[in-house]
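Please look over the sequence and the structure shown here. A short report comes after them.

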Amino acid sequence: AFFQVTHDADRPFVVTAGDHRVIDIGTKFGVRREAQAVRVTLLEGSARVEAVAGAPQHSAVLKPGDIAMATHQALTVQRQSLETVANALSWRRGMLVFHHATLADAVAEFNRYNTEKIAMGDAYAAALTFNGALPTNDIAAFVRVTQKTFALHVARRGNEIVISR
(Lines give C-alpha, C1' and ligand atoms only; values in the text may rest on other atoms or scores of the structure.)
Protein backbone atom coordinates (compact mmCIF):
# COMPACT_ATOMS: atom_id res chain seq x y z
CA ALA A 1 0.00 0.00 0.00
CA PHE A 2 1.13 3.55 -0.64
CA PHE A 3 0.22 6.45 1.63
CA GLN A 4 0.48 10.21 1.14
CA VAL A 5 -0.27 11.88 4.45
CA THR A 6 -0.43 15.44 5.70
CA HIS A 7 0.87 15.37 9.24
CA ASP A 8 -1.54 16.22 12.06
CA ALA A 9 0.04 16.00 15.52
CA ASP A 10 -3.42 15.80 17.11
CA ARG A 11 -4.46 12.86 14.93
CA PRO A 12 -1.43 10.75 13.97
CA PHE A 13 -1.77 8.44 11.00
CA VAL A 14 -0.63 4.92 11.92
CA VAL A 15 -0.31 1.83 9.73
CA THR A 16 -0.03 -1.50 11.52
CA ALA A 17 1.48 -4.39 9.54
CA GLY A 18 2.36 -7.61 11.30
CA ASP A 19 4.04 -6.78 14.59
CA HIS A 20 5.20 -3.32 13.48
CA ARG A 21 3.59 0.03 12.97
CA VAL A 22 4.53 3.03 10.86
CA ILE A 23 3.69 6.46 12.25
CA ASP A 24 3.58 9.31 9.79
CA ILE A 25 5.46 12.52 10.40
CA GLY A 26 4.09 14.12 7.17
CA THR A 27 5.18 11.88 4.36
CA LYS A 28 4.83 9.69 1.29
CA PHE A 29 5.68 6.05 1.96
CA GLY A 30 4.98 2.48 0.95
CA VAL A 31 4.34 -0.44 3.28
CA ARG A 32 4.68 -4.02 2.08
CA ARG A 33 3.94 -7.00 4.26
CA GLU A 34 5.99 -10.03 3.28
CA ALA A 35 5.96 -13.52 4.77
CA GLN A 36 8.38 -12.79 7.61
CA ALA A 37 8.93 -9.03 7.36
CA VAL A 38 7.45 -5.62 6.78
CA ARG A 39 9.20 -3.34 4.29
CA VAL A 40 8.72 0.42 4.54
CA THR A 41 9.95 2.57 1.64
CA LEU A 42 10.10 6.31 2.33
CA LEU A 43 9.76 8.64 -0.64
CA GLU A 44 9.22 12.03 1.07
CA GLY A 45 9.08 13.46 4.59
CA SER A 46 9.75 11.18 7.52
CA ALA A 47 8.09 8.33 9.37
CA ARG A 48 8.83 6.28 12.46
CA VAL A 49 8.82 2.48 12.32
CA GLU A 50 8.46 0.67 15.62
CA ALA A 51 7.50 -2.71 17.04
CA VAL A 52 4.03 -3.05 18.55
CA ALA A 53 3.48 -4.14 22.14
CA GLY A 54 4.49 -7.74 22.76
CA ALA A 55 7.29 -7.74 20.18
CA PRO A 56 10.97 -7.08 20.93
CA GLN A 57 11.28 -3.30 21.01
CA HIS A 58 13.11 -1.52 18.21
CA SER A 59 12.37 1.63 16.23
CA ALA A 60 13.84 4.02 13.67
CA VAL A 61 12.93 7.36 12.12
CA LEU A 62 13.15 7.15 8.34
CA LYS A 63 14.23 9.89 5.97
CA PRO A 64 13.71 10.10 2.18
CA GLY A 65 15.56 7.26 0.48
CA ASP A 66 15.37 4.90 3.46
CA ILE A 67 14.08 1.37 3.08
CA ALA A 68 13.41 -0.39 6.37
CA MET A 69 13.03 -4.14 6.80
CA ALA A 70 11.36 -5.06 10.05
CA THR A 71 11.17 -8.64 11.26
CA HIS A 72 9.98 -9.89 14.61
CA GLN A 73 13.60 -9.87 15.85
CA ALA A 74 15.18 -6.86 14.18
CA LEU A 75 14.82 -3.63 12.24
CA THR A 76 17.36 -2.66 9.57
CA VAL A 77 17.40 0.55 7.57
CA GLN A 78 19.30 1.02 4.33
CA ARG A 79 19.79 4.35 2.59
CA GLN A 80 19.05 4.06 -1.12
CA SER A 81 19.03 6.53 -3.99
CA LEU A 82 15.69 8.20 -4.67
CA GLU A 83 15.75 6.39 -8.05
CA THR A 84 15.96 3.04 -6.25
CA VAL A 85 13.09 4.07 -3.97
CA ALA A 86 11.01 5.19 -6.97
CA ASN A 87 11.72 1.83 -8.66
CA ALA A 88 10.61 -0.02 -5.52
CA LEU A 89 7.32 1.88 -5.76
CA SER A 90 6.98 1.51 -9.55
CA TRP A 91 3.99 -0.81 -9.10
CA ARG A 92 1.99 2.38 -8.45
CA ARG A 93 2.50 3.24 -12.13
CA GLY A 94 1.65 -0.30 -13.25
CA MET A 95 5.31 -1.21 -13.81
CA LEU A 96 7.78 -3.60 -12.23
CA VAL A 97 11.43 -2.53 -12.35
CA PHE A 98 14.18 -5.05 -11.71
CA HIS A 99 17.90 -4.38 -11.16
CA HIS A 100 20.04 -7.45 -10.54
CA ALA A 101 17.03 -9.48 -9.36
CA THR A 102 17.05 -13.24 -9.57
CA LEU A 103 14.59 -14.65 -12.04
CA ALA A 104 12.85 -16.34 -9.08
CA ASP A 105 12.37 -12.94 -7.38
CA ALA A 106 11.02 -11.42 -10.60
CA VAL A 107 8.59 -14.33 -10.98
CA ALA A 108 7.42 -13.91 -7.38
CA GLU A 109 6.79 -10.21 -8.03
CA PHE A 110 4.77 -10.91 -11.19
CA ASN A 111 2.78 -13.55 -9.29
CA ARG A 112 1.74 -10.91 -6.72
CA TYR A 113 -0.13 -8.96 -9.40
CA ASN A 114 -1.62 -11.64 -11.64
CA THR A 115 -4.04 -14.56 -11.38
CA GLU A 116 -2.11 -16.47 -14.04
CA LYS A 117 0.97 -17.80 -12.25
CA ILE A 118 4.54 -18.50 -13.29
CA ALA A 119 6.69 -21.20 -11.71
CA MET A 120 10.41 -21.84 -11.86
CA GLY A 121 11.21 -25.34 -13.13
CA ASP A 122 14.77 -25.58 -11.83
CA ALA A 123 17.33 -23.89 -9.60
CA TYR A 124 19.59 -22.88 -12.51
CA ALA A 125 16.89 -20.76 -14.17
CA ALA A 126 15.69 -19.41 -10.81
CA ALA A 127 19.17 -18.06 -10.01
CA LEU A 128 19.68 -16.15 -13.29
CA THR A 129 20.01 -12.37 -12.92
CA PHE A 130 17.26 -10.29 -14.49
CA ASN A 131 17.21 -6.57 -15.32
CA GLY A 132 14.27 -4.83 -16.94
CA ALA A 133 11.04 -2.89 -16.63
CA LEU A 134 7.72 -4.40 -17.66
CA PRO A 135 4.03 -3.75 -17.02
CA THR A 136 2.74 -5.58 -13.93
CA ASN A 137 0.05 -7.34 -15.94
CA ASP A 138 2.09 -8.39 -19.00
CA ILE A 139 3.13 -11.93 -18.12
CA ALA A 140 3.43 -12.82 -21.81
CA ALA A 141 6.09 -10.13 -22.34
CA PHE A 142 8.01 -11.23 -19.25
CA VAL A 143 7.96 -14.88 -20.38
CA ARG A 144 9.02 -13.91 -23.94
CA VAL A 145 11.89 -11.75 -22.68
CA THR A 146 13.21 -14.40 -20.30
CA GLN A 147 12.86 -17.13 -22.93
CA LYS A 148 14.75 -15.19 -25.60
CA THR A 149 17.34 -13.58 -23.31
CA PHE A 150 18.32 -16.75 -21.45
CA ALA A 151 17.32 -19.41 -24.04
CA LEU A 152 14.98 -20.98 -21.50
CA HIS A 153 12.23 -23.51 -22.02
CA VAL A 154 8.66 -22.39 -21.38
CA ALA A 155 5.81 -24.86 -20.93
CA ARG A 156 2.27 -24.85 -19.63
CA ARG A 157 1.56 -27.14 -16.67
CA GLY A 158 -2.08 -26.96 -15.64
CA ASN A 159 -2.85 -23.33 -14.81
CA GLU A 160 0.72 -22.14 -14.62
CA ILE A 161 3.60 -21.30 -16.91
CA VAL A 162 6.83 -23.12 -16.06
CA ILE A 163 10.21 -21.60 -16.97
CA SER A 164 13.24 -23.91 -16.92
CA ARG A 165 16.60 -24.57 -18.54
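The report goes from the overall fold to the pockets, then to aromatic groups and single residues.

## Overall fold

This is a predicted model. The protein has four helices and twelve strands. Its C-alpha trace extends over about 55 × 30 × 25 Å along the principal axes.

Of the 165 residues, 39% count as buried. Taking contacts between residues at least 6 apart in sequence, 45% join residues that are at least 24 apart.

## The largest pocket

The largest pocket holds about 620 Å³ of space. Its lining is made up of 19 residues, and those nearest the centre of the pocket are Arg39, Ala88, Val97, Phe98 and Glu109. Three elements give two or more residues each to this lining: helix H1 (82-88), strand S8 (95-102) and helix H2 (103-113).

Strand S8 provides the largest share, with five residues. Sorted by class, the lining of the largest pocket comprises eight nonpolar, six polar and five charged residues.

## The second largest pocket

For the second largest pocket the volume is about 160 Å³. Its lining consists of Ala1, Gly30, Val31, Arg32, Arg33, Arg39, Thr41, Ala88, Leu89, Trp91, Arg112 and Tyr113. Elements contributing two or more residues here are S3, strand S4 (38-51) and H2.

The largest share of this lining comes from S3, which supplies four residues. By class, the second largest pocket is lined by six nonpolar, two polar and four charged residues.

## Arg39, a residue of both linings

Arg39 is among the residues nearest the centre of the largest pocket, and Arg39 also lines the second largest pocket. Arg39 belongs to strand S4. Its relative accessibility is 21%, so Arg39 counts as partly exposed; the class begins where buried ends, and buried means under 20%.

Apart from neighbours within four places in sequence, Arg39 is in contact with Gly30, Val31, Arg32, Glu34, Ile67, Ala68 and Met69. Three of these partners, Gly30, Val31 and Arg32, also appear in the lining of the second largest pocket. Arg39 and Ala68 are 29 residues apart along the chain, yet their C-alpha atoms are separated by 5.5 Å.

## Aromatic rings and charges

The structure contains six aromatic pairs. Ring pairs join Phe98, Phe110, Phe130 and Phe142 into a cluster. One member of this cluster, Phe98, is also among the residues nearest the centre of the largest pocket.

Two arginines place their charged ends over rings. The charged end of Arg92 lies over the ring of Phe2, at 3.6 Å from the ring centre. For Arg165 the ring is that of Tyr124, and the charged end is 4.0 Å from its centre.

## Two threonines

Thr27 sits in strand S3 (residues 20-33). With a relative accessible area of 4%, Thr27 is buried. Leaving out residues up to four places away in sequence, Thr27 touches Phe3, Gln4, Val5, Leu42, Glu44, Gly45, Ser46 and Ala47.

Thr16 is part of strand S2 (residues 14-17). Is Thr16 buried or exposed? Its relative accessibility is 55%, so Thr16 counts as exposed. Beyond residues up to four places away in sequence, Thr16 touches Arg21 and Val52. Thr16 and Val52 are 36 residues apart in sequence, and their C-alpha atoms are 8.3 Å apart in space.

## Positive phi angles

His100 is not a glycine, but its phi is positive, at about 55°. His100 lies in strand S8, the strand that gives the largest share of the lining of the largest pocket. His100 counts as exposed because its relative accessibility is 66%.

Ala151 is another residue other than glycine with a positive phi, near 55°. Ala151 is located in the loop between helix H4 (139-150) and strand S11 (153-157). With a relative accessible area of 66%, Ala151 is exposed.

Terms used. Residues are numbered from 1 along each chain as its sequence is written. This is a predicted model: local features need pLDDT of at least 70, side-chain atom pairs count only at pLDDT 80 or more; totals for chains, interfaces and linings use all residues. Side-chain values use heavy atoms; hydrogens and water are left out. Rings of Phe, Tyr and Trp (its six-membered ring) pair if their centres lie within 6.5 Å; planes under 30 degrees apart count as stacked, over 60 as edge-to-face and the rest as tilted. A charge sits over a ring if NZ of Lys or CZ of Arg is within 6 Å of the ring centre and within 35 degrees of the ring normal. Buried means under 20% relative accessible area, exposed over 50%, partly exposed in between (1.4 Å probe, protein chains only). Contact means heavy atoms within 4.5 Å. On a 1 Å grid over the protein atoms alone, a cavity is a set of points where a 1.4 Å probe fits but cannot get out, and a pocket is an open set with protein on both sides within 12 Å along at least five of seven lines; lining residues have an atom within 4 Å of a point. Grid points are joined across faces, edges and corners, and a volume is the space filled by probe spheres set on the points. Ala, Val, Leu, Ile, Met, Phe, Trp, Tyr, Cys and Pro count as nonpolar, Asp, Glu, Lys and Arg as charged, and the others, Gly among them, as polar.
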